[in-house]
Amino acid sequence: MIRQHQSPGTLSCRQVRRLLQAYLDGELRDARTVLIADHLDACLRCGLEASSYRWLKAQLAGFAPSADERQLDRLRAFAAALVDEPA
Ligand SMILES: [Zn+2]
């Protein structure tokens, strides 16, 4: 569902990216969680990125209890490249 917020409370994609990890880890407990959830619903690009991180976290939780940081970085780069594909 596409919504065009222009209120002062709206987060930019850049702000969402910065908060995304903490959001997905459940570390944000304030009103920003609602703003981020709204943004992920409305913004395909950020929504895809969130999906990629969720997938990554699930993979790591399932297969790599002590995740190798370099492999994690490669997976992150892969996820970022997916999101960077033109629509
Ligand atoms: Zn966005």
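In which hand, left or right, does helix 1 pass helix 2 at their crossing? I will come to that after a short overview.

What you have in front of you is a predicted model. The protein chain holds 4 helices and 0 strands. Read from the N terminus, the order of its elements is α-α-α-α. Of the 87 residues in the protein chain, 10% are buried. On contacts, take those in the protein chain with a separation of 6 or more: residues 24 or more positions apart account for 64% of them.

Now the opening question. Helix 1 passes helix 2 in a left-handed crossing. Two packed helices are described by the angle between their axes and the distance between the axes. For helix 1 and helix 2, the axes cross at roughly 110 degrees and come within 11 Å. Angles of 65 to 115 degrees count as roughly perpendicular, so helix 1 is roughly perpendicular to helix 2. The residues that meet are V16, L19 and Y23 from helix 1, and R32, T33, I36 and H39 from helix 2.

A word on helix 1 itself. Its 12 residues should span 16 Å at 1.5 Å a residue, and the end C-alpha atoms are 15 Å apart, which agrees. After helix 1 comes G26, which has a positive phi, near 75 degrees.

One residue of helix 1 to look at is C13. Is C13 buried or exposed? C13 has 12 C-beta neighbours inside 10 Å, and exposed means 12 or fewer, so C13 counts as exposed. Setting aside neighbours within four places in sequence, C13 is in contact with C43, R45 and C46. Its C-alpha atom is separated by 8.0 Å from that of H39, although C13 and H39 are 26 residues apart along the chain.

On to helix 2, where T33 lies. T33 has 15 C-beta neighbours inside 10 Å, and therefore counts as partly exposed. Not counting residues up to four places away in sequence, T33 touches Y23 and L28. The C-alpha atoms of T33 and L20 are separated by 9.5 Å, with their positions 13 residues apart along the chain.

Next, the core. Which residues make up the largest nonpolar core? They are V16, Y23, L35, I36, L40, C46 and A50, 7 residues in all. At least two residues of this core come from each of helix 1 (13-24), helix 2 (32-42) and helix 3 (44-63). Helix 2 gives the most, with 3 residues. Take L40 from that list. Apart from residues up to four places away in sequence, L40 touches C46, G47 and A50.

That leaves the other end of the chain. In helix 3 we find S52. S52 has 19 other C-beta atoms within 10 Å, and a buried residue needs 20 or more, so S52 is partly exposed. Which residues is S52 in contact with, leaving aside its neighbours within four places in sequence? They are A79, L82 and V83. For S52 and L82, which are 30 residues apart along the chain, the C-alpha atoms are separated by 8.6 Å.

Last, helix 4, which covers residues 69-84. How many of its 16 residues are buried? The count is 0, and helix 4 is hardly covered. Its length can be checked as well: at 1.5 Å a residue, the 16 residues should span 22 Å, and the end C-alpha atoms are 22 Å apart, which agrees. A81 lies in this helix. With 10 other C-beta atoms within 10 Å, A81 is exposed. The C-alpha atoms of A81 and E49 are separated by 9.9 Å, for residues that are 32 apart along the chain.

To recap: the chain has 4 helices and 0 strands. Helix 1 and helix 2 pass in a left-handed crossing. Helix 1, helix 2 and helix 3 each supply at least two residues of the largest nonpolar core, and helix 4 has 0 buried residues.

Key:
Residues numbered from 1 in each chain as written. Predicted model: local features only at pLDDT ≥ 70, side-chain atom pairs only at ≥ 80, totals over all residues. Expected span 1.5 Å × (residues − 1). Core = buried A, V, L, I, M, F, W, Y, C linked by C-beta atoms within 7 Å. Contact = placed C-beta atoms within 7 Å. Axes fitted to C-alpha atoms, helices over the stretch in contact; angles between N-to-C directions. Parallel < 35°, antiparallel > 145°, perpendicular 65-115°, else oblique. Left-handed = near helix turned anticlockwise from the far one by under 90°.
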